[in-house]
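Good morning, colleagues. Thank you for the time on today's agenda; please have the sequence and the model open as I speak.

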Amino acid sequence: MKCDAGHKLLLNPPGKRILLHACCAPCSSAIVECLVNQGFRPVIFYSNSNIYPESEYLKRKNECIRYAAETGLEIVEDSYDHKAWRHISEGLENEPERGCRCIECFRYRLERAASYASENGFDVLTTTLASSRWKSLEQVNAAGEYACGLFPGVSWWNMNWRKGGLQERRNQIIRERNFYNQLYCGCEFSLAGSPAGTKTPEK
């Protein structure tokens with residue numbers, strides 16, 4: 001899995017056991033490669049109850065499972081509970097992308113990841129959410145700090161995964177591995193404003 005992408009990034013996590021919250025295989029691809037190339041063996045935590053419909057969730061989950069198997073990493077799947085996610089997004093349905101709904105969404109998912117980390121001996125949490133240029137780094141990091149603050153012993157690693165050529169490498173890996181590359185963030189509200197929203201989603 002050697003590649004020059006990310007060679008300018010000197011990874012220095014604030015702990016030894018890394019739990020990597022993964023939103024999807026495309027966003028995880030170059031991050032996982034960079035970590036493994038520098039000798040780290042993160043455990044991937046797939047926690048994305050925001051994704052709608054469930055058929056879309058399964059597509060993205062299965063691509064993460066495939067990539068984890070190809071890279072020899074362990075992957076843990078959190079329970080899928082879109083009803084609970086809808087509860088935390090109540091009243092925020094009309095928020096724009098990068099608005100308050102996204103903040104609550106990040107908090108929900110990263111709190112679940114931090115809880116798992118605390119219960120299973122991980123001392124570092126980071127996320128592939130921070131790799132996407134469509135996401136606010138400030139929102140992601142604020143949510144990560146909040147989540148880890150609830151669980152003493154788990155440190156938030158606010159790594160900027162957009163640097164060191166990782167964005168370009170991500171696009172290469174998507175093509176090389178023929179990943180399913182989604183057209184919207186995940187929830188039904190982001191779907192409505194995307195090209196994919198012109199199609200009727202499966203129930």
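I shall speak about the nonpolar cores, then the cavities and the largest pocket, then the salt bridges, and finally some points of backbone geometry.

Please bear in mind throughout that this is a predicted model.

Let me begin with the cores. In soluble globular proteins, nonpolar side chains tend to be buried together. Here, the largest nonpolar core has 54 residues. Those with the most contacts inside this core are Leu11, Leu35, Leu125, Trp157 and Trp161. At least two residues each come from the strands β1 (18-22), β2 (43-46) and β4 (124-127), and from the helices α1, α2 (54-71), α4, α5 (137-149) and α6. Helix α1 supplies the largest share of this core, with eight residues.

Which residues does Leu125 touch, once its neighbours within four places in sequence are left aside? Leu125 is in contact with Leu19, His21, Leu110, Ala113, Ala114, Cys148, Val154, Ser155, Trp156 and Trp157. Apart from the largest core lies another one, of five residues, among them Trp85, Cys105, Cys187 and Phe189.

I turn now to the enclosed spaces. The structure holds two cavities of 30 Å³ or more. The largest cavity has a volume of about 80 Å³. Its lining includes Trp85, Cys105 and Cys187, three residues that also belong to the five-residue core. The other lining residues are Asn50, Glu97, Arg101, Cys102, Phe106, Arg109, Lys135 and Cys185. Helix α4 (residues 100-119) gives the most to this lining, with five residues. By class, the lining of the largest cavity divides into six nonpolar, one polar and four charged residues.

The second largest cavity has a volume of about 30 Å³. Cys27, Ala30, Ile31, Ser131, Trp161, Leu166, Gln167 and Arg170 line this second cavity. Two or more residues of the lining come from each of α1 (25-37) and α6 (166-177). Five of the lining residues are nonpolar, two are polar and one is charged. Trp161 is one of the residues of this lining, and Trp161 is also among those with the most contacts inside the largest core.

Next, the largest pocket, which has a volume of about 670 Å³. Of the 30 residues that line this pocket, the closest to its centre are Ser132, Trp134, Lys135, Tyr184 and Cys185. The elements giving two or more residues to the lining are α4, α6 and α7 (188-192). The lining of the largest pocket holds twelve nonpolar, eleven polar and seven charged residues. Lys135 and Cys185 appear here, and Lys135 and Cys185 also line the largest cavity.

Let me move to the charged pairs. The count comes to ten salt bridges, and I shall describe three of these.

In one, the side chains of Glu70 and Arg177 meet at 2.4 Å, N to O. Glu70 lies in helix α2 and Arg177 in helix α6, 107 residues apart, and the pair thus links distant parts of the chain. Glu70 is partly exposed at 41% relative accessible area, and Arg177 is partly exposed at 26%.

Arg112 and Asp78 form another salt bridge, at 2.5 Å, N to O. This pair also links distant parts of the chain: Arg112 is in helix α4, and Asp78 is in the loop between β3 (75-77) and α3 (82-88), 34 residues away. Is Asp78 buried or exposed? Asp78 counts as buried because its relative accessibility is 12%, under the 20% limit. Arg112, at 31%, counts as partly exposed.

In a third pair, Arg169 and Glu176 have their closest N and O atoms 3.0 Å apart. Arg169 counts as buried, at 9% relative accessibility, whereas Glu176 counts as exposed, at 54%. Salt bridges that share partners also join Glu63, Arg66, Glu70 and Arg177 into one network.

I close with the backbone. The peptide bond from Tyr52 to Pro53 is cis, with omega near -5°, and Pro53 is found in the loop between β2 and α2. Arg98, in the loop between α3 and α4, has a positive phi near 75° although Arg98 is not a glycine. Arg98 is partly exposed, with a relative accessible area of 43%. Asn178, in the loop between α6 and α7, likewise has a positive phi, of about 55°. Asn178 is exposed, with a relative accessible area of 62%.

Thank you for your attention.

Conventions:
Residues numbered from 1 in each chain as written. Predicted model: local features only at pLDDT ≥ 70, side-chain atom pairs only at ≥ 80, totals over all residues. Heavy atoms only, no water. 1 Å grid on protein atoms, 1.4 Å probe; cavity = no way out; pocket = protein on both sides within 12 Å on 5 of 7 lines; lining within 4 Å. Points joined across faces, edges and corners; volume = space filled by probe spheres on them. Helix = DSSP H or I, 4+ residues; strand = E, 2+ residues; numbered from the N terminus. Nonpolar A, V, L, I, M, F, W, Y, C, P; charged D, E, K, R; others polar. Core = buried A, V, L, I, M, F, W, Y, C linked by side-chain atoms within 4.5 Å. Buried < 20%, exposed > 50% of the residue type's maximum accessible area, 1.4 Å probe, protein only. Contact = heavy atoms within 4.5 Å. Salt bridge = Lys/Arg side-chain N within 4 Å of Asp/Glu carboxyl O.
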